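Student: I should like to learn how the terms used for a protein structure are justified. May we go through one structure together?

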Amino acid sequence: MYVAVKGGERAIDNAHAWLAEERRGDPAVPELTIAQIRGQMTLAVNRVMAEGSLYDPDLAALAIKQARGDLIEAIFLIRAYRTTLPRLAGSNPVDTGAMTVDRRISATFKDLPGGQVLGSTFDYTHRLLDFALMAEGSEVPSGASAPATPGPMPHVTSFLNRDGLIETAPPSDTTPPDLTREPLELPADRSLRLQAITRGDEGFILSMAYSTQRGYGRTHAFVGELRIGTVAVEVDIPELGFAVEIGEVELTECETVNQFKGSRTEPPQFTRGYGLVFGQSERKSIAMSLVDRSLRWKELGEDFTGAPAQDEEFVLYHCDNIQATGFLEHIKLPHYVDFQAELELVRRLRAEAQAMQEAAE
Amino acid sequence: MTDASPIARKDWMAVLAKAAPARLAALMPDLPPHTTLRNPETGAVMVRGRVSATGAPFNLGEMTVTRCSVRLEDGAVGHAWVQGRDKAHARRAAIVDALMQTGAAAAMRAHIIAPLAGEAAAARSQRAERAAATKVDFFTMVRGEDQ
């Protein structure tokens, strides 16, 4: 018998009021400001923008504050907000070759035009806790300066392209598929896969990439180039009839150079994996380029070894942490009626089994 | 109408779009009389990249953008598309865009566009100098057989 029940409203209101109190924490400690989160928890803000798929540092900082630092909850808030925004336009593709670079390194070429620029990196730190940071009000640290030589910083892959040693990526101006407008359907082309991966969960994409390094769909990746910096975003303005730069975004781009034996149709040459992520998101962009390359097995005539990172359906249908957490966490919500049915069924089966046993005896 | 070639207009619109809203407001505290052709509206622009930097476009993610259109009393029409959600920023940028097409262009350029562009360039070069200080100078170690 189905019985509808109501109730819990007072409990829910009180739970949310307590949540607000817990979020604020000890009132004797100053409240966090959005500017503090934006300015001092920058990499968390970047992750929320990348996986929330909306570039707006103030909103990402607000989401982190509201979510008490739970980044997936913050990403959920951003995803919910973005659905309320009208889509005004699609930008022209950003030119990462013209990026204003804060960091640019190559693991394949030591001497390259523009040089190896480390930027503000955790690399080569000793990963020892810095207890000096526990003392507040210490002096403001400042980095060194050196004369900058403005000049082009060509992509590393463009040198290899010249010798035909690496596959090319010929430009096109097709309108890419958009999984925020049309349901994600398989098989997906590379554009759609990159959209899904760049907003995918960092931990999931990292693990998928790591699995390829450990042998599950091996792709032998080198980081040809990793660059972090800002690019201008240009949009065709319909009322003007020409394109205008409407702002700037910080991006992390990774290009991998991968081994390739060649096939009946292709000469032996290097192949490429690509990662491009909002903000300073180095781990994610490297992982993205490994997973991108791994998913290209069919196009490049490689064998499917059954590795999870080669399985488009597995990767694309499980990389979104909002879909994942929505389905996972809903099982904690009331399922009293479903469970009642299961209970009835188990009781009946047990009774039948017992009756059969007694009859046999 | 002066100084409204598309190239010049692209440049000043870009400067206005990238300006910090508070800075633009400080440079232009008072707004001239105008009618609003399109109320400031916040929405999203889908930012696109290219596969392997040069190939087919793909959708990277959205950014918040606010747009606004105004008409001045002399009939000049200004448009703005600016990053973020600041409606006052979009309105101000649209008004400056309109004024840049009138006799006030030289004054606007001197008092608003040039300072904003200069500050942006200074911030950019300061960051480039920080980055330049982290450029690696490789040197070859003295090897045993050289000694």
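Tutor: We shall take up a few terms in turn, bearing in mind that this is a predicted model.

Student: Why is Thr64(B) called buried?

Tutor: The relative accessibility of Thr64(B) is 0%. Buried means under 20%, so Thr64(B) meets the definition. This residue lies in strand E2 of chain B, residues 57-72.

Student: What makes the pair Thr64(B) and Asp56(A) a polar contact?

Tutor: Their side chains are joined at 2.6 Å. The cut-off for a pair of N or O atoms is 3.5 Å, and the value of 2.6 Å is therefore within the limit. Thr64(B) also touches other residues of chain A, including Leu54(A), Tyr55(A), Leu59(A) and Leu85(A). Among the residues of chain B that Thr64(B) touches are Gly43(B), Val82(B) and Arg85(B).

Student: Which strand of chain A is joined to E2(B), and how do the two run?

Tutor: Strand E1 of chain A, residues 54-55, is joined to E2(B) by two bridges, and the strands run parallel. Pairing requires at least two bridges, so these strands count as paired. One bridge partner of the set is Met63(B), which is matched with Tyr55(A).

Student: How do you know that E2(B) and E3(B) are paired?

Tutor: Seven bridges join them, and the strands run antiparallel. The definition asks for at least two, so the condition is met. Within this pairing, Cys68(B) has Ala80(B) as its bridge partner. The hairpin has four residues between the strands, and Gly75(B) takes a positive phi near 100 degrees there.

Student: Why is E3(B) described as mostly covered?

Tutor: Five of the seven residues of E3(B) are buried. Each of those five is under 20% relative accessible area, because that is what buried means.

Student: What makes the link between Arg127(B) and Asp102(A) a salt bridge?

Tutor: The side chains meet at 2.9 Å, N to O. The limit is 4 Å between a side-chain nitrogen of Lys or Arg and a carboxyl oxygen of Asp or Glu, so the pair qualifies. Across the interface of chain B and chain A, the rule finds nine salt bridges.

Student: How much area do chain B and chain A bury between them?

Tutor: They bury about 5,700 Å², with 59% of it on carbon and sulfur atoms. In chain B, the residues that lose the most area to chain A are Arg48(B), Glu62(B) and Trp81(B), together 13% of what that side buries. As for contacts, 52 residues of chain B meet 79 residues of chain A.

Student: Why is Glu31(A) called partly exposed?

Tutor: Its relative accessibility is 44%. Buried would require under 20% and exposed over 50%, so Glu31(A) falls in between. Glu31(A) is found in the loop between helix H1 (9-24) and helix H2 (34-40) of chain A. The side chain of Glu31(A) is joined to that of Lys65(A) by a polar contact of 2.8 Å.

Student: What makes helix H3 of chain A mostly covered?

Tutor: Eight of its 11 residues are buried. Among them are Ala44(A), Val45(A), Asn46(A) and Gly52(A). Ser53(A) follows H3(A), and its phi is positive, near 65 degrees.

Notes:
Residues numbered from 1 in each chain as written. Chains lettered and ligands numbered in written order. Predicted model: local features only at pLDDT ≥ 70, side-chain atom pairs only at ≥ 80, totals over all residues. Heavy atoms only, no water. Buried < 20%, exposed > 50% of the residue type's maximum accessible area, 1.4 Å probe, protein only. Polar contact = N/O pair within 3.5 Å; in protein donor to acceptor, adjacent residues only side chain to side chain. Contact = heavy atoms within 4.5 Å. Buried area = accessible area lost by both parts, 1.4 Å probe. Lists of a residue's contacts leave out its neighbours within four places in sequence.
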